[in-house]
Amino acid sequence: MKKLLSFDTRREHYSCDAVVVSCFDWRFSAVRAELLRKLEVSRPDQIIAAGGAKCLASPSDESEREFLLEQIRISVRLHGTKFALLTLHSDCGAYGGLGGKFGGDARAEAQHHEAELRRASECLRQALPQLDVRTFLLDFSTVWETENA
């Protein structure tokens, strides 16, 4: 092997502030990081998958939901996680995009994603009732927190 770089990483066990479920769309990386700063989440367990919370709300296959739930369970078991942050974003390809499925109607997309976030939250609360769950929709200029039942 050839050494590429050297660095120091803390080796002690840690507790995580939140498990964060989000899409891998790079366009929303900076706003997701800013959201975590605003929420004072400095030690997240980040689960990044195509569609983010869609995997809980309306997965293409049940195995997506089970995989994501298992990752969250591992975060709870290993890192004492008590808080989950679920996100969706505008123009997500996993939903067919803003121009595709929603015909460019940002309001229709936001209403759909709000309902999806409620389904995702309900799914997670049923599987792990001890978690505090908050849901967020990211668009190209704003982060919206949805109200969960």
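Here are some notes on the fold, its sheet and a few residues worth a look.

1. A word on the source before anything else: this is a predicted model. The points below start with the sheet, go on to the helices that lie against it, and end with single residues.

2. The sheet is open and built from five strands, which follow one another in the order β2-β1-β3-β4-β5. Its pairing is mixed. On average, neighbouring strands are turned by 25° against each other, direction ignored.

3. Which strands stand at the edges? They are β2, residues 44–48, and β5, residues 143–146. Each has a single partner strand, so one side of each is left without a neighbour in the sheet.

4. Strand β4, residues 132–138, is a good place to see both kinds of pairing. With β3 it runs parallel, and seven bridges join the two. With β5 the sense is antiparallel, over four bridges. β4 and β5 also form a hairpin, with four residues between them. As for cover, five of the seven residues of β4 are buried, so the strand is mostly covered.

5. If you would like to follow the register by eye, try threonine 135. Leucine 86 has threonine 135 in β4 as its bridge partner, and threonine 135 in turn stands opposite threonine 146 in β5. Elsewhere in the hairpin, leucine 138 has valine 143 of β5 as its bridge partner.

6. Two helices deserve a look alongside the sheet. Helix α3, residues 62–79, lies across β1 (18–22) and β2, and runs at about 170° to β2. Helix α5, residues 106–127, packs on the sheet and touches β3 (83–89), β4 and β5. The direction of α5 makes about 155° with that of β3.

7. Isoleucine 72 is a nice residue to centre the view on. This residue lies in helix α3, and its relative accessibility is 0%, so it counts as buried. What is isoleucine 72 in contact with, leaving aside its neighbours within four places in sequence? The list is Val19, Val21, Ile47, Leu124, Leu128 and Leu131. Val19 and Val21 fall within the range of β1, 18–22, while Ile47 falls within that of β2, 44–48. From isoleucine 72 to glutamine 46 the C-alpha to C-alpha separation is 9.5 Å, with their places 26 residues apart in sequence.

8. Is threonine 146, in strand β5, buried or exposed? Although β5 is an edge strand, threonine 146 counts as buried because its relative accessibility is 9%, under the 20% cut-off. Neighbours within four places in sequence aside, its contacts are Glu114, Leu117 and Thr135. Glu114 and Leu117 belong to the residue range of α5, 106–127.

9. Finally, the surface. Leu4, Leu5 and Phe7 form a nonpolar patch there, with about 410 Å² of accessible area together. Leucine 5, found in the segment before β1, has a relative accessible area of 53% and is therefore exposed, the cut-off being over 50%. That sets leucine 5 apart from isoleucine 72, which is buried at 0%.

How values were computed: Residues numbered from 1 in each chain as written. Predicted model: local features only at pLDDT ≥ 70, side-chain atom pairs only at ≥ 80, totals over all residues. Heavy atoms only, no water. Pairing = 2+ DSSP bridges. Axes fitted to C-alpha atoms, helices over the stretch in contact; angles between N-to-C directions. Contact = heavy atoms within 4.5 Å. Patch = residues over 30% accessible without salt bridge, like charges linked within 9 Å, V, L, I, M, F, W, Y side chains within 5 Å. Areas by Shrake-Rupley, 256 points an atom, 1.4 Å probe, with all protein chains shown as cover. Salt bridge = Lys/Arg side-chain N within 4 Å of Asp/Glu carboxyl O. Buried < 20%, exposed > 50% of the residue type's maximum accessible area, 1.4 Å probe, protein only.
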